[in-house]
Structure formats: C-alpha cells, structure tokens
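Grab a pencil and work through a few short exercises on helix packing, cysteines and burial. Try each task before you read its solution.

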Amino acid sequence: MTRKLITLLLASALCLAAAGQSGTKTTAYVNPFVGTTNFGTTNPGAVCPNGMMSVTPFNVMGSDINVYDKDSRWWSTPYCFENRFFTGYSHVNLSGVGCPELGALLTMPTAGPLEVDYHIYGSEYTDEYAEPGYYTNVLSSYGIKTEVTATPRSSAERYTFPAGRGNILLNLGEGLTNETGAMVRKVSDTEIEGMRLAGTFCYNPQAVFPMYFVMRVSKQPSASGFWKKQRPMTGVEAEWTPDNGKYKLYTKYGREIAGDDIGYWFSFDTEEGEQIQVQMGVSFVSIENARMNLDAEQNGFDFDAVRAEAAGKWESDLSRIMVSGGSEKDRQIFYTALYHTLIHPNILNDINGEYPLMENSGTGKVPEGHNRYTVFSLWDTYRNVHQLMTMVYPERQLDMVRSMIDMYKEWGWMPKWELYGRETFTMEGDPSIPVITDTWLKGVRDFDISTAYEAFIKSATTPGKDNLMRPDIDPYIEKGYVPLWYFSADLSGDNSVSHALEYYIADYSLSLLAEDLGHKEDAELFRSRSLGYKHYYSTGSGTLRPITKSGEFYSPFDPRQGENFEPVPGFHEGSAWNYTFYVPHDVKGLAKIMGGQRKFIDKLQMVFDEGLYDPANEPDIAYPYLFSYFKGEEWRTQKTVRELIEKYYTTRPDGIPGNDDTGTMSVWAVFSMMGFYPDCPGAPYYTLTTPAFDRIDIRLAPEYNDGRECLTIEKPAEGKYIREIRTGGRIFKGYRISHKDLTGAGKITFTVK
C-alpha cells in the first residue's frame, strides 16, 4: 500500500471519527426561527434539503378586513415571528427573498361551525416549536394541535382535534403572490386536485406560472364542498343580493370550480384527541405528476415516518461539516446558517424527471439520478452559495450548473434571477459566468462547458437591447463604463455604476475561463474590459461616482446617499460606499488609484468605523477580507470578521442581518466561521481568517479532490489573531489560498495568539 493511499485512508478515518465525537446530532443545533424577523424573511416551516415542497405557517394576514400583520417594514415572507394570527399552512415557499411570491395553497384546521373567511377563522396560537423538517403549534381558538412535515415534493400534516365538529379548509385565494386565479376539482370524498396561478415576482407582470396539486385527507368527511367569494354588487342589485361580497358555500355541487378567491372544505365528526392527516403533492408540470409525486414519496398516511425521513435527510446533509469546540451559541449559529444554505436552489423536476422548460410552454426531462433546479437568485448566490456547494455538495452543484446550461438551450440565455421556469430579470449583472467558471476551475467539470462558453460569449458581446443579460452593453463596450440614464430591465431605476461593476466581475471570470480553455484573445479582451471600473473613480469624492452621458462626473454628489436604501442615481440598494471597494478582481489596482496601500487601508477601515458597511448588502459583504491583500494588515480581517459575527449573527429571531437572500447571508457566516472565504467570485481562491471552532471536519467528494475524502481545520488553542498557518504540516506563507491547495492539504492548523 502506497504512502499516499495510507495518508488518504487515515484522513478519511479521522474525518469519520470526528463526525461522531460529540454525540449530539447536528440538527439539534438548528433553530429555524432565526431570521424570521429583522428583514431576514426566513420561515420555520418544514422542508427537506433543496426540496420543492415546503410547508410554512402563514401568519401575515390580519384579523381585521384588509389588514396585513406582516412585519410593517417587509412584505415578502409568509411568516414573521412577532405575528400571532395564523391562517393556515402555505405550500411551496421562498426563503430569505426580498419580493413577495408563492406562499399559497393554504390548509387550515378549525373546529365548530364552518367558516371560510380567513378574517374570522384565523386563530392565535401557542406552543410553537420547529426543527429541521418539522413544525407544530396549538391554535388557541380551537384547541387544535397542528403538525407538519415534508418529503421533497409533498407535505404530511397531522391535526389533533377536540370532540365535536372539525373542519379542514384549503384556501386557494390567499397567499403572497399577486396572482389569485385557481381551479379545484373533487376526485373522491377524500381527494381533490387542481391548480393555482403564481408569479409576477418583483413586479415582472409576465413571469407567471401554474402550481398543480393533489390533496388527500385520511378520514371520510361527513360533508364537503366548494366556496367562492362573491363579486361585490353595486347600485340597485346590491339591495337584494344576500351574498354581496361574501363567501358562498356550494353544498350541493361536487364537480369543479375555478376563479379568484375560491376554496374547498371538509367537515368531520371528531372525538376528543382524534387525529386527521392531510397530504398534498405538488408539481409544476401537471396534476397527474403531482399525484405521482405524492404516491411515490408517501406510502399511505404515516406522519411519523415522513418526519423521521426528513430529519434523517437533514442530519446527513448537515453532518458533511462537523465542528467541535467553540461555544454552544457558535454551533447554533453555524448549523442554522448551514441549514438555511440548503433550502435554495431547490429541485423543480417531478419524480419522473419532468419539469417545465425555461420560458417555454413545453416539458423537459432530466436523466435518471439527476435533478433540475430552480430559484436561481444568482445576483446573491454567485458570491458564496455556489462556492460552498462546489466544495461540500458537488453532486448538487453539478446538477445546478447543468440546469443553468439547459436553460440556455431552452431559452437562448443563461438565467439571472430564475423562478420556476420564468426569468424575472431581478437585479443586475451576468451572474451565471462567475458561478460556472468557479465550478469549472475547481475541478468539478462533468458538464457541457462548450455550450456554457457559447452562452457567455453571447451575453458578453451581443449589442443593443436584444441583449437580455446586459441591456446597456453598447456604452459599456464603447466607453468602458455605463453612463447614467440607462434603465434596467427589472424596473428598479438608473443603476449604471452597479450594472457596470457586475459586468466587470463577469468579464474577469470569463477571462479566467477563456484562458483555461485556450482562448487567449478572448482572455485578453475580457481581462482588459474588467478594469474599466477605473473610469468611475473620483478623487474628489474618494469613491466610485456615476458618470453622465457627456462623460462628466455626476454632480452634486453625496457618497452617503442611498445608505438607507433611498433611491440614488447610479447605485442599486446602497450608497457609493457600499460599492466603491467592490472590485474584488483587482484589489491592488484599486488601492493604487486611491493613492496607495495606506490610503486604501485607512479608507476601508473608515467604512467600518463610521458605520458605512452594510452586512446585509451583497456588494460589500466581502469588504472585511480585503485587508488581507496587504501584508501586515491581515489582523484587521480577523478582528473585523469576528466582530461582525458577534454583532449581527445570533440565535434569536433577528439573528441574520437582513434578507437571507436564499442563503447568501448565512453562507457568509458558514465560511467565515470555518476560517476561509471566497472573496472574489469566479476565482478559485479563498482568504483565510481565524476559525470560530477548535476543529472543523469537511467531508469531501474524492472524485473531485484527488481521492481525498476529508479536510480538517484545527485551532489548537484559543486566540483571536493568527500567528502561523500550516497546511499539510508545512508552514503556509500568506493569507490567500487556492482551492486545490486548501482541499489538498488534508489538514490546516491555525496557531493563534
């Protein structure tokens, strides 16, 4: 047996041994309530890792007519921790996003006389509890215990009723989506099927899509039927219409109904403590597929079995990274963040492999054993989420990359912010380029790189408004920058500097890929383009600054304008300070035009000292790591990262600094607490910092890591600052490490002081 093989086997054994050393399951450290306020927009609902189905308590509807008890500052989540008016469980939800969508198909148990107006049947609740794959509460108005869990494509729900009359409602009218149209059909006394229209995410009026469902109850109802809200009448008719603007029950009709504000109800005669279960299967292809998904993933009504399976999936995924040492709070922050990381992107295909084609009315099919993914919030996730997936969950990252390439084949463009087969055009840039480049350069290459490169060249060179990824590409190519008064496709206004900065990063990533593929001329072209940020630097303001169409700096100009998300010319959701250091591919070049290292460091430190840094704003989340590009200043990274974690990441409901953005804010904490961060998207490197734990064991896929199955990171003693780093037993010089050197080290030891 060779020495190399012995070493690899020993490393694998140590990794597996570490995985069992604490005796506590990783899921025990997850608190699903973290991020459910303070704009976090996460929710405590039941979901499997990267699952299509999520079952979430819906508490954003008020008890008064037309009142929303949402967090008064935000509208995009089905659940807010402070709210206590429960109107049902929504099926298929988004986590951590900034625009309202989905959150529909609401199931609600009630007791007593039947009522189908949510303002009346909604209830406060107590005894709330959640863990990965499970949520429960008790409805105060009815004394009903509710419990939900999930499989990847279906829900399992269990309601414990008091004696008397129990009801289970399916409200198809309410939800977060701006669409309200639906259809429901009775299949049998215990089964219904139908569809619900969703879409218009972030106000794209054309980006709608259907959700298909099949719902079953475990007990024969004593009665059932449809309801529909009646259209309000005016004039003379209003004097005699008894159902004017009210909900009408259809008790003697049993076929199907369609329209806005419709629903279906089941009523039961219940004994004290009797449990009735509900199942719902969903699909974005057809009702038949929704039924197929449900039949394949649940064998009859067995709530406890589904819950156990969901918990097992979470334990398996979370335990790919095992941490020890550190505080109990640190472990809770870490595993909760990792949990949130594994919600999106989520699977889109049904159990038979079928999925809706991108921007197309047809149906595609993935090969057996693979998945089609959706919810590509790429402006957010290209910065760190996909880098973590590539390292720890490469089989999923591969399918995500393949999904993106297939979207290009189906539609003609890579996704920007894709949602269930529709492009929403939310935010800016060309973010698929750094995602796929990063994956390729890190050695995960089982995908069609030629087609990907073709797509990248198309978006980087197609002129005019026909370019859906870069609608303002003409001045960008001609001048090297985007001037003011070019407007974005997502209707967010004039964000010229923000657009151009994203293009620079995409072009830098494309230059790296072109070089690796042997396209030298392309590599030179795009590398040169990526340095166009220098046009925006104003010595007068000391920041990047918008440029007018006449080529002059925009004036009057306040670099702090926009720090409270108020509109500001040139910048999207932030001030000039949130963007000025966002040149991760040329940090030392930026320092040079600022007047040198000392001025760069002082100015960057001022951003933190004066509260100009926004931990919830993507362009500046890598700022703390920029100090480490300069010898002797690395301690600032280590100090700042630690302080930011302590200040903004907690185990409370407000424990994420803002929108989690489909895991982006959570992944920042995951990487930072492990001691390394991918601060330049697309480049296969990390910047090192002080780990939060004594030991971290990361399970690796040997097929992508030269046979190595484990990376161990150790910090033998307590301390805040790094004195020495050893990789594979040798002293490592510097604080920036390649992906290959990191994963190939076997063990990295941080000596701290």
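**Exercise 1. Work out how helix α9 and helix α10 pack against each other.**

Start with the geometry: α9 (residues 432–441) and α10 (residues 449–461) meet at an angle of about 150°, and their axes lie 11 Å apart. Axes here are lines fitted to C-alpha atoms, for helices over the stretch in contact, with angles running from 0 to 180 degrees between N-to-C directions. Helices are DSSP runs (H or I, at least four residues), strands are too (E, at least two), and both are numbered from the N terminus.

Next, name the arrangement. The angle makes α9 roughly antiparallel to α10, a label for angles over 145 degrees.

Now list who touches whom, taking contact as heavy atoms within 4.5 Å. From α9 come Ser-432, Ile-433, Ile-436 and Trp-440, and they meet Ile-449, Ala-452, Phe-456 and Ser-459 of α10. Sorted by class, this contact holds six nonpolar, two polar and no charged residues. (Ala, Val, Leu, Ile, Met, Phe, Trp, Tyr, Cys and Pro count as nonpolar, Asp, Glu, Lys and Arg as charged, and the others, Gly among them, as polar.)

A quick word on the source: this is a predicted model, where local features need pLDDT of at least 70, side-chain atom pairs count only at pLDDT 80 or more, and totals for chains, interfaces and linings use all residues. Residues are numbered from 1 along each chain as its sequence is written, and side-chain values use heavy atoms, leaving out hydrogens and water.

**Exercise 2. Find the disulfide and say what it ties together.**

First, search the whole structure for cysteine sulfur pairs within 2.5 Å: one disulfide turns up. It joins Cys-99 to Cys-202, with S to S at 1.8 Å. The link of Cys-99 and Cys-202 is right-handed, with 85° about the S-S bond.

Then place the ends. Cys-99 sits in the loop between β3 (89–91) and β4 (104–111), and Cys-202 in the loop between β11 (191–199) and β12 (208–217), so the pair ties together parts 103 residues apart in sequence.

**Exercise 3. Decide whether Cys-80 is buried or exposed, and check its bonding.**

Use the cut-offs: buried is under 20% relative accessible area, exposed over 50%, partly exposed in between (1.4 Å probe, protein chains only). Cys-80 has 2% relative accessibility, so Cys-80 counts as buried. Cys-80 is in no disulfide, and the nearest cysteine sulfur, that of Cys-99, is 17 Å away.

**Exercise 4. Count how many residues of helix α7 are buried.**

Go along residues 385–392: eight of the eight are buried. Among them are His-386, Gln-387 and Thr-390.

Methods. Parallel < 35°, antiparallel > 145°, perpendicular 65-115°, else oblique.
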